[in-house]
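Hi,

Here is the structure I said I would pass on. Could you have a look at the aromatic rings when you get a moment? My notes follow below.

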Amino acid sequence: MAEATDQTPTRPKAAAAAPKFGDDPNSAVDAQAALVMRKGFLDDVIDGIQMGLMAIILISLVLVAVFSDSLPVLYPALKPLYAFVGSIPSKLTRLPEYALIVKDGVPTTTDEALLLMAAFSSWFDQLLSSLPYKECVLVFSWAIYLWEAKLDVRQRERLHEVRRPAAISAFIPRQAYLEANAYGLDKSSLSLVRNAFMQIQTTVIIFYNLTPWLWYVIVDAVEDYTGYGPEYEITHSVVYFIAVTLISTVLSLPFDLYSTFVVEKKHGFNKQTIGLYVTDMIKTLLLTALLGGPIVAAFLWVIIKTGSQFYFYAWALMAAVQLLAIVIYPTFIQPLFNKFEPLPEGELRNEIEALASRLNFPLKKLYVVDGSKRSSHSNAYVFGFLKSKRIVIYDTLINQCTTEEIVAIVGHELGHWKKNHILRMLTAVQIQTFVIFYAFSRFVGERRMYNSFGMDTMPVLVGLIFFQYLYQPLDSLLSFATNVLSRAHEFDADAFSKKLGYSKPLASALVKLQIENKGIMNPDPLYSAYHYSHPPLVERLNAINDPDVAPKTE
């Protein structure tokens with residue numbers, strides 16, 4: 001009996017010898033890992049929805065297979081859908097024939113190209129006059145939402161992982177990896193709920209024609225109080241713009257408050273008080289009304305006065321506004337929210353000024369901004385035109401990194417300037433803006449579009465809102481293309497900093513900032529490719545360590 005009693009305590013020790021996640025089964029690391037692994041109510045809802053959708057798809061396939069001939073009779077409203085699905089096999093078999101038609105139709109002369117363009121324009125006009133606009137908007141909206149929701153779910157699965165990938169295990173502590181995933185999960189939960197709410201909100205607005213309802217309420221109110229009738233479309237539009245801004249702010253307020261004072265505070269980032277938050281919101285609303293109102297008025301005036309060719313003049317106006325914003329935002333608007341002070345004399349200032357001189361960068365001002373007033377997230381950027389450039393460094397960055405690491409980050413930012421990335425991005429944005437306005441010029445005069453959404457008048461601003469709904473698929477593609485270009489620029493700027501001799505401090509700074517900001521260490525590839533404007537950490541470090549890039553040539 002005595003021997004048996006002496007041996008029993010050894011069993012727990014044997015079980016404890018192989019902890020699941022850390023060196024101590026009772027450590028904070030294992031507690032954090034258990035928290036990250038745990039799947040809550042939202043994860044159960046996601047699993048239920050996915051299983052439900054799979055069941056619906058399977059049942060639908062069975063119904064189509066068994067009752068294919070009877071379905072149009074049973075559900076006549078879906079007859080066009082059945083006809084389209086039923087025509088898919090024949091269309092697929094005729095793909096070679098279609099390819100030959102396209103090949104033979106390729107113009108070989110200028111006259112043929114002009115004729116083809118005229119024929120396409122005529123066909124497109126006929127399409128616009130028969131398009132079921134509201135139905136198309138609802139389909140586009142839900143298709144994009146479901147696609148992005150699927151990406152969010154894929155990313156969420158990655159965030160539930162507790163073991164570091166081999167590529168980052170050497171320089172990312174397990175605790176930091178788990179904390180980043182916990183932060184990412186909290187943001188993911190909020191994003192999923194917010195996006196679902198916004199999608200339902202958008203669907204209700206479209207389905208119940210709330211956009212025209214609000215327009216006519218405002219038109220009647222303005223006419224009752226000021227006497228400005230329907231001929232004052234620009235005045236009505238400015239009031240409508242302000243009203244929509246206020247409504248959007250109120251609807252998004254619960255999510256913004258939760259994000260700032262729950263999620264960000266929980267993970268140690270938020271430094272704002274309620275008073276500062278309210279002050280910022282009031283300033284933002286006032287600036288939106290004071291600056292946005294005149295811009296909307298000018299934009300509508302240009303469209304009304306310049307006729308069918310308005311897209312060129314509207315694009316020129318918005319290009320001027322965007323360039324002006326680049327100048328006035330950091331100089332006049334951002335100081336309303338943050339305090340900018342010259343970077344104090346010392347080693348950091350001397351090193352940055354020496355780097356700017358070395359690259360012939362026309363540095364006029366070197367500022368430190370009190371980013372810690374609101375958040376512990378960090379940043380640095382370059383702005384200015386021609387020979388008047390400024391560098392801004394967040395005080396949080398100074399607290400988180402060494403002098404050499406900060407100079408490496410500034411070298412990266414100067415790489416954007418040296419490689420003309422800002423100009424390239426501006427050019428891409430201007431091309432995108434021109435495409436949007438040209439496309440809008442083809443839709444703005446279509447009465448069927450307005451009638452489809454419940455309007456019997458054709459105000460330009462409301463037409464632009466309807467068009468934005470229709471433009472969503474193309475906008476998503478262009479946003480993806482912009483992110484691809486942005487990621488290429490980030491790699492290029494990293495290579496530039498490396499060539500300046502800052503390979504090791506830049507890599508060290510990127511790791512530190514990823515840990516300090518609790519950035520996602522192991523994102524889903526499809527999610528990051530679609531959403532990220534910056535490459536994931538591992539990809540950036542691999543590129544910095546690439547031996548094909550010379551260590552120092554600048």
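Before the notes, one cut-off: a residue is called buried when its relative accessible area is under 20%, exposed when over 50%, and partly exposed in between. Keep in mind that this is a predicted model.

On that scale Tyr 311 is buried, as its relative accessible area is 15%. Tyr 438 comes out at 37% relative accessibility, so it counts as partly exposed.

Now the ring pairs. Taking centres within 6.5 Å as the criterion, the count is 26 aromatic pairs. Tyr 311 and Tyr 438 make one edge-to-face pair, because their planes sit at 90 degrees, with 5.0 Å between the ring centres. Tyr 311 belongs to helix H14 (residues 310-333) and Tyr 438 to helix H18 (residues 421-443), so this contact ties together parts that are 127 residues apart in sequence.

Phe 440 and Phe 467 also pair up, this time tilted, at 5.5 Å centre to centre and 45 degrees between the planes. Here helix H18, which holds Phe 440, is linked to helix H20 (residues 460-470), which holds Phe 467, and the two residues are 27 apart. Phe 440 is buried at 0% relative accessibility, and Phe 467 is buried as well, at 2%.

Those two Phe residues are part of a cluster linked by ring pairs, together with Tyr 133, Phe 310, Phe 443 and Tyr 471.

One last thing for your list: Lys 283 has its charged end over the ring of Phe 337, 5.6 Å from the ring centre.

Cheers

How values were computed:
Residues are numbered from 1 along each chain as its sequence is written. This is a predicted model: local features need pLDDT of at least 70, side-chain atom pairs count only at pLDDT 80 or more; totals for chains, interfaces and linings use all residues. Side-chain values use heavy atoms; hydrogens and water are left out. Rings of Phe, Tyr and Trp (its six-membered ring) pair if their centres lie within 6.5 Å; planes under 30 degrees apart count as stacked, over 60 as edge-to-face and the rest as tilted. Helices (H or I, at least four residues) and strands (E, at least two) are DSSP runs, numbered from the N terminus. Buried means under 20% relative accessible area, exposed over 50%, partly exposed in between (1.4 Å probe, protein chains only). A charge sits over a ring if NZ of Lys or CZ of Arg is within 6 Å of the ring centre and within 35 degrees of the ring normal.
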